[in-house]
Amino acid sequence: MSMTSLKVIVGSRNPVKVRAVAKALALYYPNADIDCHGVDAPSQVPEQPINSQQTRDGAINRLRFCQQQHQADFYAAIEGGVDLFEDGPATFAYVAVANQQQLAVGRSANMPLPPSVFQALKQGAELGPLMDELFNTTNIKQKGGAIGLLTNGLASREDNYLHALILTLVKFAHTTMFEPELS
């Protein structure tokens with residue numbers, strides 16, 4: 001893998017996800033030209049994952065599709081989901097990153113969701129369109145996301161993904177300290 005140029009395929013065309021992946025890799029590889037592109041990749045889980053397992057599976061399924069369909073130095077996928085935890089309902093994301101030798105899976109922080117929102121999601125609503133309806137916005141999932149709306153702009157969906165990706169990429173920054181998990 002050349003450190004002057006890194007080809008990266010992201011399992012989504014959502015610009016928030018593509019930017020987060022590009023930014024995280026640029027932090028770890030500051031001297032590389034990051035060529036990062038999003039592609040349509042099926043999650044094979046419901047449009048709105050409603051538990052941690054579905055969310056994790058969605059990220060890995062998108063990543064595997066990218067690996068099967070494209071040649072790249074890195075592959076990444078992000079799947080947002082919701083679940084009911086001990087302290088109440090929350091939204092979060094799983095991130096998956098791989099190269100030819102290693103697979104790393106990580107998770108973002110939880111953001112609490114109002115119980116009424118979680119109930120609507122369990123009944124088939126999707127978080128982005130539901131937030132658009134509640135806050136009178138348009139296509140918020142490709143902007144600040146529910147996180148931006150519920151934190152009054154103090155955090156964004158991209159921020160949350162970026163943090164999770166930075167932590168997940170630790171396995172690539174210190175490969176000798178981690179047993180390779182073949183991707």
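Start with the lining of the largest cavity in this predicted model: α1 (15–28) and β3 each put at least two residues into it. The full list of residues around that cavity reads Val21, Ala24, Leu25, Phe74, Tyr75, Ala76, Val97, Leu165 and Leu169. Sort them by class and you get nine nonpolar, no polar and no charged. The space itself comes to about 40 Å³, and the count of cavities of 30 Å³ or more is one.

Now stay with α1 and look across to α6 (157–168). The axes of α1 and α6 come within 9 Å and cross at roughly 40°. That angle is over 35 degrees and under 65, so it falls outside the roughly parallel and roughly perpendicular ranges, and α1 and α6 are therefore oblique to each other. As for handedness, α1 passes α6 in a right-handed crossing. On the α1 side, the contact uses Val16, Lys17, Arg19, Ala20, Val21, Lys23, Ala24, Leu27 and Tyr28, while α6 brings Arg157, Glu158, Tyr161, Leu162, Leu165 and Ile166. By class, this contact has ten nonpolar, no polar and five charged residues. A few names should ring a bell here: Val21, Ala24 and Leu165 take part in the helix contact and also line the largest cavity.

Some of the contact residues turn up again at the largest pocket. About 520 Å³ of space lies in that pocket. It is lined by 29 residues, and the closest to its centre are Lys17, Glu126, Lys141, Arg157 and Tyr161. Of these, Lys17 belongs to the α1 side of the contact with α6, and Arg157 and Tyr161 to the α6 side. Which elements supply at least two residues each to the pocket lining? They are β3 (74–85), β4 (88–98), α4 (127–135), α5 (145–150) and α6. The pocket lining is a mix by class, with ten nonpolar, eleven polar and eight charged residues, whereas the cavity lining has no polar and no charged ones.

From the pocket, follow α4 to its meeting with helix α3 (residues 115–122). The axes of α3 and α4 come within 10 Å and cross at roughly 135°. With that angle, α3 and α4 are therefore oblique to each other, and their crossing is right-handed. Val117, Ala120 and Leu121 of α3 meet Leu127, Leu130, Met131 and Leu134 of α4. By class that makes seven nonpolar, no polar and no charged residues, while the contact of α1 with α6 has five charged ones.

Key
Residues numbered from 1 in each chain as written. Predicted model: local features only at pLDDT ≥ 70, side-chain atom pairs only at ≥ 80, totals over all residues. Heavy atoms only, no water. 1 Å grid on protein atoms, 1.4 Å probe; cavity = no way out; pocket = protein on both sides within 12 Å on 5 of 7 lines; lining within 4 Å. Points joined across faces, edges and corners; volume = space filled by probe spheres on them. Helix = DSSP H or I, 4+ residues; strand = E, 2+ residues; numbered from the N terminus. Nonpolar A, V, L, I, M, F, W, Y, C, P; charged D, E, K, R; others polar. Axes fitted to C-alpha atoms, helices over the stretch in contact; angles between N-to-C directions. Parallel < 35°, antiparallel > 145°, perpendicular 65-115°, else oblique. Left-handed = near helix turned anticlockwise from the far one by under 90°. Contact = heavy atoms within 4.5 Å.
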